[in-house]
Amino acid sequence: MILHICKKKIIDDLADKQGYYNSARNIYNDYKYYSAQKGINDKYKHTVMNCRAAQNGKKSEDTIAVLSLLKELKDISFGGNTVAESDADYNANILGRRLGRENPEADCDALVQKYIPKYYK
């Protein structure tokens, strides 16, 4: 019985790690895509990426929450953003995760544009 419980725990832990890995990979692919797009509003990028991640469930939402926070800390620490700019990015991240969590089947592009324009004006 103990062997069965240990085996199940190992399998569950591996599946859990695989879930986080897949989430991080998908988030990175979104990041590359949106970073390559010219003229897209930075706050839109933050919001839509967080929305798309949150639509993929708790693991993905947790992963992007950590990655988003680390990015903002890096941006502040190395002069990429002011504190006010990072605060605005952080709020856009929170909005995106809420939209994705509450609307798991919706189109994040359309959802986000109700709050933030896709392109700079």
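Student: Which helix holds S77, and why is S77 called exposed?

Tutor: S77 is found in helix α3, helices being DSSP runs of H or I with at least four residues, numbered from the N terminus. The relative accessible area of S77 is 58%. Exposed means over 50%, buried under 20%, and partly exposed in between, with a 1.4 Å probe and protein chains only, so S77 is exposed. The model is predicted: local features need pLDDT of at least 70, side-chain atom pairs count only at pLDDT 80 or more, and totals for chains, interfaces and linings use all residues. Residues are numbered from 1 along each chain as its sequence is written, and side-chain values use heavy atoms, with hydrogens and water left out.

Student: What lies 2.8 Å from a polar atom of the side chain of S77?

Tutor: The backbone oxygen of L73 does.

Student: S68 is in helix α3 too; what makes S68 count as buried?

Tutor: The relative accessibility of S68 is 10%, which means that S68 falls under the limit for buried. Outside the residues up to four places away in sequence, S68 touches N50, N93 and R97, contact being heavy atoms within 4.5 Å.

Student: How do you know that α3 and α4 are roughly antiparallel?

Tutor: Helix α3 (residues 58-77) packs against α4 at an angle of about 170°, and the axes are 9 Å apart. The axes are lines fitted to C-alpha atoms over the stretch in contact, and angles run from 0 to 180 degrees between N-to-C directions. Over 145 degrees counts as roughly antiparallel, under 35 as roughly parallel, 65 to 115 as roughly perpendicular and the rest as oblique. The pair is therefore roughly antiparallel.

Student: Which residues of α3 and α4 meet?

Tutor: E61, I64, A65, S68, L69, E72, D75 and I76 in α3 meet V83, S86, D89, Y90, N93, R97 and R101 in α4. By class, this contact has six nonpolar, three polar and six charged residues.

Student: What makes the pairing of K118 with D109 a polar contact?

Tutor: Their side chains come to 3.3 Å. A polar contact is a pair of N or O atoms within 3.5 Å, one able to donate a hydrogen and the other to accept it. K118 is in the segment after α5.

Student: Which residues have the most contacts inside the largest nonpolar core?

Tutor: They are Y34, Y44, V48, C51, L99 and V112, in a core of 15 residues. The largest share, five residues, comes from α2. Leaving aside neighbours within four places in sequence, V112 is in contact with Y44, T47, V48, C51 and L99.

Terms used: A nonpolar core is a set of buried Ala, Val, Leu, Ile, Met, Phe, Trp, Tyr and Cys residues joined through side-chain atoms within 4.5 Å. Helices (H or I, at least four residues) and strands (E, at least two) are DSSP runs, numbered from the N terminus. Ala, Val, Leu, Ile, Met, Phe, Trp, Tyr, Cys and Pro count as nonpolar, Asp, Glu, Lys and Arg as charged, and the others, Gly among them, as polar.
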